[in-house]
Amino acid sequence: MRSLKPSALRGPLALAVLYVVPLLLWARAAPLGPRFTGQFATLTSVAVLFAFAGTSAFALNLVLGARLRPVEALFGGLDRMYRVHRINGQLAYVLLLCHLAFILAGRATLSLTTALHLLGPGAGWTVFAGVLALIGFTISIVLTLFVRLGHEVFVYVQRSFGFIFLLACYHVFTTHGAKAQSPALNWYMAALATLGMAAFAYRSVFGNLLVRRHPYRVAAANRLDDFVTEVVMEPLADPLAFTPGQFVFVNFRSLAMSAELRPFELSMEHQVFSFRAGEVGNQFHPFSITSAPGERALMITVKAVGDYTRALRRLEIGADAVVEGPYGSFSHQNVPRDRQLWIAGGIGVTPFLSMARALGDHDRPDVDFYYCVEREQEAHFLDELLAIASRRPGFRVVVVPRDRDGFLSVERLAAEQPDLRDADVLICGPPAMIESLRAQLTAARVPAAQIHAEEFGYA
């Protein structure tokens with residue numbers, strides 16, 4: 001079996017190489033001496049380097065945001081890819097901001113008026129397009145990082161980056177300078193920009209036509225308690241093939257949900273502005289698969305934590321569902337050891353349900369499953385899990401109610417699992433739980449390569 005983390009650095013390293021290439025091409029285009037002679041030339045040259053690196057990062061962020069399968073595989077899972085996507089987007093912004101700062105500093109060596117002139121339309125549309133792109137980038141970055149957006153609004157803010165990139169490309173490719181001295185640099189930047197725009201068009205403009213999706217229909221919506229709903233969907237064509245532990249993006253076409261979701265509204269909670277969207281059509285939300293591979297029905301289990309998931313409580317039988325995926329590499333089948341510990345926190349049980357349902361009665365691995373909940377009555381599917389344990393040697397279920405046992409600790413795991421350092425540990429739950437257990441496991445000298453966490457649904 002392949003490792004869940006084939007190389008944590010493989011994807012970021014590939015990005016770094018793609019950033020460096022235009023800098024090397026620029027350096028080879030002309031002698032460096034004259035480019036760094038005097039304040040004006042030096043500051044301008046540094047600004048140009050920031051521009052090429054920032055534009056490359058921006059283009060590649062559009063590729064990362066397109067959910068392309070080969071790119072996901074390069075990063076070892078969509079959750080890791082999206083973490084890099086977030087950091088890379090911030091890096092692109094900082095690089096382009098530095099480009100503007102060094103350009104202005106260079107012009108300021110001539111006169112302050114010359115520097116300020118670059119910020120207005122009087123400098124010409126080639127320059128002003130870059131200013132507008134950076135303003136748009138700033139607004140989108142602020143909304144993404146500092147404003148609590150509803151899922152639908154967040155998606156449309158992310159889509160705005162493609163149009164901002166178009167403005168940035170107009171600025172880059174109509175500015176005379178280093179690209180004219182190096183056809184290789186010109187072609188490289190054009191290829192990277194085309195790749196970014198193609199990825200954006202694939203996902204955000206023509207997604208309904210180009211992205212492969214599977215039609216389903218809701219067969220049941222079972223309310224397990226006041227917050228948790230199990231949704232069962234029947235395929236209208238070939239059923240989805242997936243690995244246990246993976247997740248999908250689902251768009252429910254539900255009249256009952258549309259009645260529940262409100263139009264756009266602006267609220268203020270905890271002194272932070274929060275834009276919450278009502279029904280915005282054609283939006284997909286991520287959910288872990290709970291059914292086993294080979295079952296015709298596709299099942300997900302959802303906890304009501306936001307507007308959309310609360311509205312799912314009203315989902316009616318017969319509603320259409322459009323499914324995209326599967327995604328993710330979090331699975332007992334993707335780790336090398338036959339000795340495994342599974343740790344679920346609350347609704348983080350969902351990927352483990354699929355894994356447990358996929359287990360044969362006598363095959364490997366040997367699993368101890370710790371199911372952490374607030375109260376024991378919140379341990380959904382416990383009877384089914386215990387039934388699997390009763391018929392299958394090597395599968396044990398331990399319920400950990402916080403109101404009785406407190407939080408699960410690695411000290412307890414080490415006392416109950418003498419072979420802890422020889423096991424693969426799979427964790428899914430709230431971020432605080434994952435980070436706490438990861439730190440404790442590392443302190444207990446469990447190798448980092450043996451600690452696997454599914455964090456996408458909680459990002």
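**Exercise 1.** In this predicted model, determine which loop holds Phe 381, and decide whether Phe 381 is buried or exposed.

*Solution.* Begin with the secondary structure: Phe 381 lies in the loop between strand 11 (366-373) and helix 15 (382-391). Turn next to the backbone, where the phi of Phe 381 is near 70 degrees, a positive value in a residue other than glycine. Most residues other than glycine have a negative phi. Finally, the relative accessible area of Phe 381 is 15%, and since buried means under 20%, Phe 381 counts as buried.

**Exercise 2.** Carry out the analysis for Arg 67, stating what its phi is and where Arg 67 is placed.

*Solution.* The phi of Arg 67 is near 55 degrees, which is again a positive value in a residue other than glycine. As for its place, Arg 67 sits in the loop between helix 3 (39-64) and helix 4 (69-75). With a relative accessibility of 13%, Arg 67 counts as buried.

**Exercise 3.** Find which helix supplies the largest share of the nonpolar patch on the surface.

*Solution.* List the members first: Trp 125, Leu 132, Ile 135, Ile 139, Leu 167 and Tyr 170 form the patch, with about 580 Å² of accessible area together. Helix 7 (125-146) and helix 8 (151-174) each supply at least two of these residues, and the largest share, 4 residues, comes from helix 7. Ile 139, placed in helix 7, is partly exposed, with a relative accessible area of 49%.

**Exercise 4.** State which strand contains Pro 326.

*Solution.* Pro 326 belongs to strand 9 (residues 320-327), and the peptide bond leading from Gly 325 to Pro 326 is cis, with omega near 10 degrees.

How values were computed. Residues numbered from 1 in each chain as written. Predicted model: local features only at pLDDT ≥ 70, side-chain atom pairs only at ≥ 80, totals over all residues. Heavy atoms only, no water. Helix = DSSP H or I, 4+ residues; strand = E, 2+ residues; numbered from the N terminus. Buried < 20%, exposed > 50% of the residue type's maximum accessible area, 1.4 Å probe, protein only. Patch = residues over 30% accessible without salt bridge, like charges linked within 9 Å, V, L, I, M, F, W, Y side chains within 5 Å. Areas by Shrake-Rupley, 256 points an atom, 1.4 Å probe, with all protein chains shown as cover. Salt bridge = Lys/Arg side-chain N within 4 Å of Asp/Glu carboxyl O.
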